[in-house]
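Please open the model in a viewer and keep the selection panel at hand. The tour proceeds from paired strands to the nonpolar core.

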Amino acid sequence: QAQLVESGGGLVQPGRSLRLSCVASGFTFGWYAMKWYRQVPGKEREWVGLVSSNGGSTRYRDSVKGRFTISRDNAKNTVYLQMTSLKPEDTGVYYCKAERVNGVGPSVYWGQGTQVTVSS
């Protein structure tokens, strides 16, 4: 059964760091670009950033550039979101998403989300 499982969320003070992980299973991880999204109650889910299927390129939304870093380890079927200099507005449920760019199979997988709360 294919799935994505996020972990690493929690309560953190402003200015501190946190690293989220997303572990994939049940599909060919290297065929998929990986994206991170976040959502707060009452608002639409917003794209945070992405890493290409081979890890060679990344992109970020403007509000997290220079603070967040996405990386992946295809040998471990894992994508990471390293968050530094966290702000209260970074609070939300963070989701990872897999989008197939090669091969065959389902186009998209979503994780169940992990809560990040930035507060003093």
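Begin by selecting strand 4 and strand 5, which pair in the antiparallel sense over 5 bridges in this predicted model. Display R38 and E46: the latter, in strand 5, is the bridge partner of the former. Then follow the chain through the hairpin that these two strands form, with 6 residues between them. In its turn, G42 has a positive phi of about 85 degrees.

Next, add strand 6 (residues 58-60), whose pairing with strand 5 is antiparallel and runs over 3 bridges. Here G49 has Y60 of strand 6 as its bridge partner. The hairpin of strand 5 and strand 6 also has 6 residues between the strands, and G55 takes a positive phi near 80 degrees.

Now select the open sheet of 4 strands, ordered 1-3-8-7 with antiparallel pairing. Strand 1 (3-7) and strand 7 are the edge strands; each has a single partner, so one side of each lacks a neighbour in the sheet. Ignoring direction, neighbouring strands are turned against each other by 15 degrees on average. Within this sheet, strand 1 and strand 3 are joined over 5 antiparallel bridges, and L4 stands opposite A24 in strand 3.

Keep L4 selected and add M34, W36, M83 and Y94: these residues have the most contacts inside the largest nonpolar core, which has 27 residues. Elements giving two or more residues to this core include strand 4 (32-39), strand 8 (78-83) and strand 9 (92-100). Strand 3 contributes the most, with 4 residues.

Finally, centre on M83. Beyond its neighbours within four places in sequence, M83 is in contact with R16, S17, L18, L20, R67, F68, Y94 and V116.

Notes. Residues are numbered from 1 along each chain as its sequence is written. This is a predicted model: local features need pLDDT of at least 70, side-chain atom pairs count only at pLDDT 80 or more; totals for chains, interfaces and linings use all residues. Side-chain values use heavy atoms; hydrogens and water are left out. A nonpolar core is a set of buried Ala, Val, Leu, Ile, Met, Phe, Trp, Tyr and Cys residues joined through side-chain atoms within 4.5 Å. Buried means under 20% relative accessible area, exposed over 50%, partly exposed in between (1.4 Å probe, protein chains only). Contact means heavy atoms within 4.5 Å. Two strands pair if DSSP finds at least two bridges between them. Axes are lines fitted to C-alpha atoms, for helices over the stretch in contact, and angles run from 0 to 180 degrees between N-to-C directions.
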